[in-house]
Amino acid sequence: MQVKWTKQALEGFNNIRSKHFTLEETIQYKKVLASRIHEKISILGTSMKVEKSEWEGSYKVLVDKYIVYYSFSEDRSTCYIEYFKHFRQNR
C-alpha cells in the first residue's frame, strides 16, 4: 500500500519539536513515528471510523499521543493521511 500525506497533515507532522531533545533525536523519533503510523494503519485498516460528518469516509488512529485521520483510494492501493495532530490540540 502506498501512503501519501496531504499538505496539511505533513505540516502538522513537520511541526513536531521538542525542547527536551536534540534536533537529531527529534528527527529519529519522527522516522520511528512515521513507521508506527503506517504499521498501525495497515493493521487497523477501516476499523476506526471518524464519527464526524465532515470526515465522512475517513478513519483515525492514535499513535504516541497523535491522532491521525486517513482515507483510502477506491481500490485501497493508496492511503491518504489527511490530518495529523497531537491529542491535546484543538480542532
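**Exercise 1. Determine which residue follows α2 and what the sign of its phi is.**

Solution. Glycine 45 comes after α2, and its phi is positive, near 55°. Helices here are DSSP runs of H or I with at least four residues, strands are runs of E with at least two, and both are numbered from the N terminus. The model is a predicted one, in which local features need pLDDT of at least 70 and side-chain atom pairs count only at pLDDT 80 or more, while totals for chains, interfaces and linings use all residues. Residues are numbered from 1 along each chain as its sequence is written, and side-chain values use heavy atoms, with hydrogens and water left out.

**Exercise 2. Compare the span of α2 with the expected span, and establish where its buried residues lie.**

Solution. Step one concerns length. The 22 residues of α2 reach 31 Å from first C-alpha to last, close to the 32 Å expected at 1.5 Å a residue; the expected span is 1.5 Å times one less than the number of residues.

Step two concerns burial, where buried means under 20% relative accessible area, exposed over 50%, and partly exposed in between (1.4 Å probe, protein chains only). In α2, Thr26, Lys30, Leu33, Ala34, Ile37 and Ile41 are buried. Viewed down the helix axis, these residues fall within an arc of 105°, so they line one face of α2; the arc is that of the directions from the helix axis to the C-beta atoms. On the other side of α2, Lys31 and Ile43 are exposed.

Step three identifies the packing partners. The buried residues of α2 pack against β1 (2–5), α1 (7–14), β2, β3 (66–72) and β4 (78–86), where contact means heavy atoms within 4.5 Å.

**Exercise 3. Describe the surroundings of serine 58, and state whether it is buried or exposed.**

Solution. Serine 58 is located in the loop between α2 (23–44) and β2 (59–63). Its relative accessibility is 4%, so serine 58 is buried. Residues up to four places away in sequence set aside, serine 58 touches Lys49, Val50, Tyr70, Ser71 and Glu82. With glutamate 82 there is a side-chain to side-chain polar contact of 2.7 Å. A polar contact is a pair of N or O atoms within 3.5 Å; within protein, one must be able to donate a hydrogen and the other to accept it, and residues adjacent in sequence count only if both atoms are side-chain atoms.

**Exercise 4. Classify the ring pair of tyrosine 70 and phenylalanine 72, and find the residue over the face of phenylalanine 72.**

Solution. Rings of Phe, Tyr and Trp (its six-membered ring) pair if their centres lie within 6.5 Å; planes under 30 degrees apart count as stacked, over 60 as edge-to-face and the rest as tilted. The count by this rule is 10 aromatic pairs. For tyrosine 70 and phenylalanine 72, the centres are 5.6 Å apart and the planes stand at 85°, so the pair is edge-to-face. Tyrosine 70 is buried at 0% relative accessibility, and phenylalanine 72 is buried at 15%.

Arginine 76 lies over the face of phenylalanine 72, 4.3 Å from the ring centre; the criterion is NZ of Lys or CZ of Arg within 6 Å of the ring centre and within 35 degrees of the ring normal. Arginine 76 belongs to the loop between β3 and β4, is partly exposed at 44% relative accessible area, and has a positive phi of about 60° although it is not a glycine.
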